[in-house]
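Please open the model in your viewer and keep the sequence panel visible. The tour proceeds from one selection to the next.

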Amino acid sequence: MTDKVAEKFVHLLRERGFEVDYRPGISREGLIRAIKGCNILVFRGRLRIDKEIIEAGSDLVVLARYGIGLDNVDVDLALKKGIAVVNAPNASCISVAELAIGLLISVFRNIYALVDAVKRMEWPKGRFTGRELYGKKLGVIGFGRIGSKVAEYARALGMNVLFHDIRDVSEDARRIGAVQTSLENLLKGSDAVTVHVQLTPLTYHMLNERTLSMIPDNAVIVNTSRGEVIDTKALLNHLDRLGGVALDVLEQEPPKDEIYRKLIGHPKVIVTPHIGAETAEAMDRIADELLQNIMEAIKWL
Ligand code: NAD
């Protein structure tokens, strides 16, 4: 195990007779040295599980992502080598969806700036006028597990929900009361846009100079999906005219390049350090779901 997981997960595996080598934070080089002899690799999004690691792991039978995203894994190569790839796609949906709504409210009510000022012992009453979510149009890009949950919560708050997806999700849409539309209509017609697609070659820089230009002035963008879905450079060009931007994910994590200093330092931007799934409940559910999927994968060995 290369990353921090719920204690319960280590316990459950040991209980079932697995020998667990728990090394949260291990370096890439360390992993390459240690991986031989391991049959199952449990990891999160920190390390790139690429050709070099997969080939060093000549005894691997399962790659197990402690979470959802598999974009840091060379899934094709693993499958070609007969290594099963499993994850826990359902466990953190509620946590991520709640964070997206929380970020939306934070931006609409300027909560970060206000709290920050009060912490400096100022009393900025009257400095910012917030906006309600009620009655506003929320554009949801990607109406999958998380996107549809965000839509559901947004409907409960009285928002009108537009969404864009490439799958037929009409049944969920009807149940929730959300309206499917093209990406262009969504971007042009939303007061806030929230991004929930998985990272694929089609969604890489899906929000770029051209598409960001379609978003009206004063609209808000929330991204809790993957940083690479938004072209950071293009986003910088639009910050001044937007109502605010809240990001739980960045193209570079942790951010180091100068461009992120500009982005993160901008008064209209709030960034959280990829904590969508970091709740006690999600971590606990991941342990159960991932264990079940690992057991399913090794059942046939
Ligand atoms: P999902 O697969 O259930 O849903 C993604 C949806 O996007 C699908 O309905 C799919 O059809 C749609 N989609 C894919 N390509 C598209 C395109 N080009 N145009 C329009 N729609 C497209 O995924 P999910 O479980 O809801 O996860 C959503 C995102 O959240 C993923 O990027 C995942 O990695 C991310 N995530 C982030 C955190 C976090 O900590 N911030 C935690 C978990 C998941």
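**A stop at the surface**

Select leucine 157, which counts as partly exposed because its relative accessibility is 36% (buried means under 20% relative accessible area, exposed over 50%, partly exposed in between; 1.4 Å probe, protein chains only). This is a predicted model, in which local features need pLDDT of at least 70 and side-chain atom pairs count only at pLDDT 80 or more, while totals for chains, interfaces and linings use all residues. Residues are numbered from 1 along each chain as its sequence is written, and side-chain values use heavy atoms, with hydrogens and water left out.

Leucine 157 sits in the loop between α7 (145–156) and β5 (160–164); helices (H or I, at least four residues) and strands (E, at least two) are DSSP runs, numbered from the N terminus.

**The ligand**

Next, select the ligand and the 26 residues that surround it (a heavy atom within 4 Å). The closest are Ile146, Asp165, Arg167, Val197 and Asp248.

Display the polar contacts (pairs of N or O atoms within 3.5 Å; within protein, one must be able to donate a hydrogen and the other to accept it, and residues adjacent in sequence count only if both atoms are side-chain atoms). A polar side-chain atom of arginine 167 is 2.8 Å from a ligand oxygen atom, and a polar backbone atom of valine 197 lies 2.7 Å from an oxygen atom of the ligand.

**Strand β8**

Finally, select asparagine 223 in strand β8 (residues 220–223). Asparagine 223 is buried, at 1% relative accessible area. Its side chain makes a polar contact with the side chain of serine 225 (2.7 Å), and the asparagine 223 side chain also reaches the backbone oxygen of arginine 226 at 3.1 Å.
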